[in-house]
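Subject: Structure handover and what was found in it

Dear colleague,

I am passing on to you the structure we spoke about, and I would be glad if you kept it open while you read the notes that follow. They go through the cavities, a pocket, the sheet and a salt bridge in turn.

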Amino acid sequence: MEFNILEICLLAALLLCFFVQLYYVLGVHLKLATYQIKELPGAAGEPISVIICARNEAENLAKYLPAVFEQDYSKFEVIVVNDRSWDGTTDLLEEMGKRYANLKVVHVPEGEKFIAGKKFAVTMGIKAASYDWLVFTDADCLPASKSWLKGMQQPDISATQIVLGYSPYFKKRSLLNALIRFETFFTAVNYLSFALKGMPYMGVGRNLAYQKQLFFKTKGFAAHMHVPSGDDDLFVNANATAGNTVIQINPETHVWSEPKTTFLSYLRQKKRHVGAGKLYKAKHKFILSAQIIVQFLFYALAITLACFPHTHIAAVSVFLLSIIVRCFVYPKLLHRLNYKELKWWFPILDIILMLFLVINAVLAVFVKKVQWK
């Protein structure tokens, strides 16, 4: 059997993509798969300020906020920033204030000068915080247990200034929901694994903690206040280091969140995230872009070479080897990140996700306007 020049080049490209893929799977993600999850502290430490920004979230606040107040933690306050809501949020928070003495409400007034979106609301909440250690979540989020704050409290290691938590989405019966949860899994595996590798680059505001003094020392969101999104990932990207950042994935510290229910709303959400990603540090943009491009090329080359009579056996063999290697890593990660039922759909969802990420990146080039609610 003789290969022509084109087939040789394509096979070489496929093998290159395969080995790069192995770097991410075995060199990065395996760290999270083998990470020893620590037990939670038995007692509460320093006081905590929990910050939640809400715009027209009356229904979600009524449903999920009580679980925050029920945390098994000796001293904490809950700051809800009411960002110009008109759905009854103001009245609901007033009633909750009668029940919970540690609730502090900050109102963002109407006015054209208050147009910076969620970042302005977050900044207002931080300024109102009484304590140095800040824990962030959203109005539509539910802590997995009453020990959430114990796990997200400031670690004993004095150098730690940022704790990256994990936030899965609730399960719904739909293909969109499966895609959203798998994309969340993929994102979490990436940022948690790279943090373990000493290269933290993002966190999610649904479950994130950091020092108030770090926020003001680094001038908060000043460098990217013009970008509607990024109150969580851009702040972490700019300020997280190998020495000041740790992760927390104990199941009791997970924070469950409501997923988008329509494709258009999900697409708008991902456009905001892509916009923020453009401001990541150059090394982070390179690593993340290379990961998606290589994965996409791997599938494209494997499919192409499988159609050639001389290369179909080699292409299928490399593809199957890739699946086998990843099946040793990702099912365990899906299990410990609360998505174990997705392991049976992993190869299919992986292909769908790669297509979606490429399409979303292309759309982001042409659609510039994004906003928070």
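Before the first result, one term is needed: a cavity is a set of grid points where a 1.4 Å probe fits but cannot get out. Please also keep in mind throughout that this is a predicted model.

With that meaning in hand, a search of the whole structure finds 2 cavities of 30 Å³ or more. The largest cavity holds about 180 Å³ of space, and among the 16 residues that line it, those closest to its centre are H29, F186, Q291, Q295 and Y330. Two or more lining residues come from each of helix 1 (5-33), helix 6 (175-196), helix 10 (282-306) and helix 13 (346-366), and of these elements helix 1 contributes the most, with 5 residues. When the lining of the largest cavity is sorted by class, 10 residues are nonpolar, 4 are polar and 2 are charged.

The second largest cavity has about 80 Å³ of space, and its lining is made up of 13 residues, of which K118, V122, F136, G205 and D231 are the closest to the centre. Here the elements that give two or more residues are strand 1 (48-54), helix 4 (118-128), strand 4 (133-138) and strand 7 (208-211), with strand 4 providing the largest share, 3 residues. By class, the lining of the second largest cavity divides into 7 nonpolar, 2 polar and 4 charged residues.

Turning from cavities to pockets, the second largest pocket contains about 590 Å³ of space. It is lined by 24 residues, and the closest to its centre are K38, P155, D156, V246 and Q248. Helix 5 (148-152), helix 6 and strand 8 each give two or more residues to this lining, and strand 8 gives the most, with 3 residues. The classes in the lining of this pocket are 12 nonpolar, 7 polar and 5 charged residues.

Strand 8 also has a place in the sheet, which is an open one of 7 strands in the order 3-2-1-4-7-6-8, with mixed pairing. Which strands stand at the edges of this sheet? They are strand 3 (103-108) and strand 8 (245-247), and because each has a single partner strand, one side of each is left without a neighbour in the sheet. On average, neighbouring strands of the sheet are turned by 20° against each other, if direction is ignored.

At one of these edges, strand 8 runs parallel to strand 6 (residues 162-164), and 3 bridges join the two; within this pair, V163 stands opposite V246 of strand 8. V246 is thus a residue to look at twice, for it is also listed among those closest to the centre of the second largest pocket. As for strand 3, helix 3 (residues 89-99) lies across both strand 2 (76-83) and strand 3, and helix 3 runs at about 160° to strand 3.

Lastly, the structure holds 10 salt bridges, one of which you may like to find for yourself. K63 pairs with E258, and the closest N and O atoms of the two are 3.8 Å apart. This pair links distant parts of the chain, since K63 belongs to helix 2 (residues 58-69), whereas E258 is in the loop between strand 9 (255-257) and helix 9 (263-277), with their positions 195 residues apart.

With best wishes

Key. Residues numbered from 1 in each chain as written. Predicted model: local features only at pLDDT ≥ 70, side-chain atom pairs only at ≥ 80, totals over all residues. Heavy atoms only, no water. Pairing = 2+ DSSP bridges. Helix = DSSP H or I, 4+ residues; strand = E, 2+ residues; numbered from the N terminus. Axes fitted to C-alpha atoms, helices over the stretch in contact; angles between N-to-C directions. Contact = heavy atoms within 4.5 Å. 1 Å grid on protein atoms, 1.4 Å probe; cavity = no way out; pocket = protein on both sides within 12 Å on 5 of 7 lines; lining within 4 Å. Points joined across faces, edges and corners; volume = space filled by probe spheres on them. Nonpolar A, V, L, I, M, F, W, Y, C, P; charged D, E, K, R; others polar. Salt bridge = Lys/Arg side-chain N within 4 Å of Asp/Glu carboxyl O.
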